[in-house]
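Good morning, colleagues. Please have the sequence and the structure open while I speak.

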Amino acid sequence: MALDQPAGSFPQIRGSVCPHDCPSTCALEVEVLAPDRIGAVRGADNDYTLGVICAKVSRYAERVHHPDRVIHPLLRVGPRGAGQFERIGWDEALDRIAESFTQVAARHGSEAVWPYYYAGTMGLLQRDGINRLRHVMRYSRMKKTICTASAEAGWTAGVGRFVGPDPREMAKADLIVSWGGNPVATQVNVMAHVARARKERGAKLVVIDPYRTGTAAVADLHLALKPGTDGALACAVMHVAFRDGFADRAYMARYADCPEALEAHLETRGPDWAAAITGLPVAEIEAFAALYCRTERAYIRFGYGFTRTRNGPANLHAASCLPTVTGKWSHEGAGALWSFREYKWDKTLIEGLDALDPATRIMDMSRIGAALTGDRKELGDGPPVHSIIIQNSNPALVAPDTNKVRRGLMREDLFVAVHEQFMTDTARLADVVLPATQFLEHDDLYQAGGHGYIQIGPKLIEPPGECRSNHEVIQGLARRLGARHRGFEMSAMAIIDETLRASGRPDAETVQARRWVDAWPPFADAHFLDGFGHADGRFRFAPDWAAIGPDHASMPRLPDHMPAIDDTSAERPFRMVAAPARQFLNSTFTETPTSRRRESRPTALIHPDDAARLGVADGAKVRLGNARGEVVVHAKLFDGLQSGVIVVESVWPNDAFEGGIGINALTSDDPALPNGGAVFHDTAVWIRAERAVLPRAAE
Ligand code: SF4
């Protein structure tokens with residue numbers, strides 16, 4: 001069926017864009033069965049999506065038409081967290097929120113109000129429009145650290161720009177290294193590009209990840225290192241490059257800052273040294289180093305996972321040095337990519353940047369628990385937070401240190417408004433819950449991290465009940481608060497159109513007609529042939545960490561293993577990774593029955609040797625804990641990781657766990673160094689066998 005059937009006739013196939021927190025930002029084709037109903041969702045056949053999307057989005061009708069969607073505004077009528085709500089009208093809901101903001105600002109100052117959001121939708125308007133209200137009203141700002149901050153620090157340290165070789169070049173590579181990511185689960189169409197390279201060129205796939213993920217299971221080589229030791233592995237590979245004559249000295253003389261100092265520094269950081277830190281066999285490190293060094297077209301696709309440790313930025317920086325030492329950046333199908341950002345948006349209208357006062361307090365979103373429980377370091381000189389509105393985020397589940405976050409959100413002197421699609425763990429703690437549209441029910445503008453297409457996802461169907469978009473809610477609050485900005489008076493599509501034109505892009509009508517507009521720079525720019533993103537054009541082996549973040553004192557001067565992790569001890573002898581589950585995306589899709597059924601139940605992957613030592617049978621319950629909390633999960637014996645490492649794929653809702661608290665009860669809200677970032681995969685825990693052995697849940 002062709003796109004763009006006559007209006008009013010059904011079924012239709014309409015173009016859209018996946019809005020979820022995933023670098024692929026897939027171009028979609030959606031079967032619209034009626035003005036308020038969809039059927040199948042498929043990947044569009046552009047040269048990045050390649051017609052491939054993940055299973056969870058292909059069954060999106062389950063989510064759109066879910067019977068548990070919140071479809072009316074709700075008011076809490078019982079104790080906080082008891083789940084007792086009654087239906088109210090939109091006017092009353094917005095009046096109550098505006099009244100709280102006004103009273104709190106009058107009593108405590110405007111910074112006592114904290115608009116909080118993140119990436120439940122990645123659309124630029126519906127996600128970021130909340131900042132316009134924040135800036136106009138001088139509410140507290142939010143440091144966005146929960147996802148990309150640590151990787152941003154590590155990548156920019158060496159490269160200096162958020163670009164790299166076009167990911168479509170992976171099909172022209174002879175070696176693809178998936179480092180710290182699991183594309184089979186988290187950006188599946190990358191695997192289609194890998195498959196093309198394997199089929200057409202016989203390319204090899206290497207995966208570097210602490211456990212045998214779905215991607216690692218199909219790799220030619222899997223290096224299952226200890227969490228937080230990637231910097232040591234990277235140093236050993238560079239040591240081999242210098243030792244065995246694969247260092248490209250001419251390239252470094254032209255493009256790098258201090259190759260001689262790096263070579264001298266790496267002399268003592270060979271495979272033996274790295275083996276002791278990473279737990280990998282020396283032979284495996286040598287084999288990977290030889291393969292990497294000997295392959296001219298080697299493309300490293302960095303994920304986010306390995307950057308979510310206290311030393312994550314140092315690890316990504318060290319790994320990003322590999323193509324510089326070996327001079328691979330200049331070849332087609334070679335180099336490295338973390339994420340693309342160079343869209344050069346003018347977001348003045350979307351975010352009200354013309355009203356931003358940089359003196360307004362800024363708080364770390366990953367430390368929401370600290371902020372809401374009165375931590376002076378987080379609050380600075382400002383007042384406690386007394387009123388919060390949350391869009392596109394579920395911090396009572398996904399933010400680190402859940403027990404602390406819940407303590408904060410449970411405060412009786414805190415007014416909580418949550419704009420949500422489902423009754424999430426956070427919505428359950430709200431005073432007012434507002435029903436939110438999903439992406440097919442509103443207009444939005446999208447960029448991607450994993451490719452360079454700009455796309456528009458137009459409203460395709462009517463929302464259920466009384467759901468309203470984020471933009472409409474912000475407009476409604478602005479009217480009541482007397483907030484003035486012309487963005488509050490404009491339709492979503494008018495803002496999208498003006499933003500595109502102000503950013504030097506085609507207008508909204510043109511983008512919709514073309515479906516996708518490529519923003520990726522030409523080869524020479526993307527491969528840094530004219531230099532890297534620092535003033536002298538040189539890649540930095542010795543980064544200026546002080547310019548990147550305030551906590552730079554312990555950053556290594558040159559690439560190294562940085563021991564600043566939550567290391568094991570006699571009391572907490574296991575390193576835990578809280579990896580993403582394939583059928584969920586953060587906490588999204590935990591409400592859809594098929595995803596839940598396929599994920600089965602919260603499970604700890606544990607090495608058989610550890611299980612035997614602890615007396616834990618396959619399928620038995622185990623208790624994991626540390627000073628922050630305890631959770632109970634079922635054990636699955638698994639030999640695809642090192643002894644001493646456990647993996648809990650999540651993010652399962654809190655009530656899926658015994659005790660009603662999920663895996664982030666164990667993770668810390670300590671910031672990554674030097675500029676913050678959540679450290680979800682940097683957690684030392686103890687494990688104890690629980691007595692009862694339960695049967696396995698049905699698959
Ligand atoms: S792979 Fe990512 S972008 Fe594509 S449909 Fe799935 S979640 Fe969306």
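Pro11 sits in the segment before strand S1, which covers residues 12-17. The peptide bond that joins Phe10 to Pro11 is cis, with omega about 0°. Please bear in mind that this is a predicted model. A second cis peptide bond can be found between Leu673 and Pro674, where omega is about 10°. Pro674 belongs to the loop between strand S24 (645-648) and strand S25 (683-689). As background, most peptide bonds are trans, and most residues other than glycine have a negative phi.

That brings me to the backbone angles. Phe589 is not a glycine, yet its phi is positive, about 75°. This residue is placed in the loop between strand S20 (574-577) and helix H27 (593-599), and Phe589 is buried, at 1% relative accessibility. Arg138 also has a positive phi without being a glycine, in this case about 60°. Its position is the loop between helix H5 (130-137) and strand S7 (141-143). With a relative accessible area of 43%, Arg138 is partly exposed. A positive phi, near 80°, is found as well at Gly504, which follows helix H23. Within H23, residues 492-502, the buried positions are Ala492, Ile495, Ile496, Asp497, Thr499 and Leu500.

I return to Arg138, since its side chain has a partner. Which residue does Arg138 meet in a salt bridge? The partner is Asp357, at 2.3 Å from N to O. The two are 219 residues apart, so to speak from distant parts of the chain, with Arg138 in the loop between H5 and S7 and Asp357 in the loop between H17 and S13. Asp357 counts as buried, because its relative accessibility is 19% and the cut-off for buried is under 20%. Beyond its sequence neighbours up to four places away, Asp357 touches Arg138 and Arg141. A polar atom of the Asp357 side chain also lies 2.9 Å from the backbone nitrogen of Ala359. The C-alpha atoms of Asp357 and His135 are separated by 6.9 Å, although their places lie 222 residues apart along the chain.

The structure holds 49 salt bridges in total, and I shall mention a few others. Arg76 pairs with Asp431, with the closest N and O atoms 2.8 Å apart. This pair links strand S4 (residues 74-76) to the loop between strand S15 (415-420) and strand S16 (432-435), across 355 residues. Arg76 and Asp431 are both buried. Glu658 and Lys621 form another salt bridge, at 2.3 Å between the closest N and O atoms. Glu658 lies in the loop between S24 and S25 and Lys621 in strand S22 (residues 621-626), so parts 37 residues apart in sequence are tied together. Of these partners, Glu658 is partly exposed at 40%, whereas Lys621 is buried at 10%. Shared partners also join Arg367, Asp375, Glu378, Asp401, Lys404 and Asp669 into one salt-bridge network.

Arg59 offers a contrast. It lies in the loop between helix H1 (55-58) and helix H2 (61-64). Arg59 is buried but has no salt bridge, and the nearest side chain of opposite charge, that of Glu62, is 4.0 Å away. What Arg59 does make is a side-chain polar contact with Ser595, at 3.0 Å.

Lastly, the ligand. Its surroundings consist of Cys18, Cys22, Ser24, Thr25, Cys26, Ile53, Cys54, Val57 and Leu585. Seven residues of this shell are nonpolar, two are polar and none is charged.

Definitions and conventions. Residues are numbered from 1 along each chain as its sequence is written. This is a predicted model: local features need pLDDT of at least 70, side-chain atom pairs count only at pLDDT 80 or more; totals for chains, interfaces and linings use all residues. Side-chain values use heavy atoms; hydrogens and water are left out. A residue is near a molecule or strand if one of its heavy atoms lies within 4 Å of it. Ala, Val, Leu, Ile, Met, Phe, Trp, Tyr, Cys and Pro count as nonpolar, Asp, Glu, Lys and Arg as charged, and the others, Gly among them, as polar. Helices (H or I, at least four residues) and strands (E, at least two) are DSSP runs, numbered from the N terminus. Buried means under 20% relative accessible area, exposed over 50%, partly exposed in between (1.4 Å probe, protein chains only). Lys and Arg count as positive and Asp and Glu as negative; His and the chain ends are not counted. A polar contact is a pair of N or O atoms within 3.5 Å; within protein, one must be able to donate a hydrogen and the other to accept it, and residues adjacent in sequence count only if both atoms are side-chain atoms. Contact means heavy atoms within 4.5 Å.
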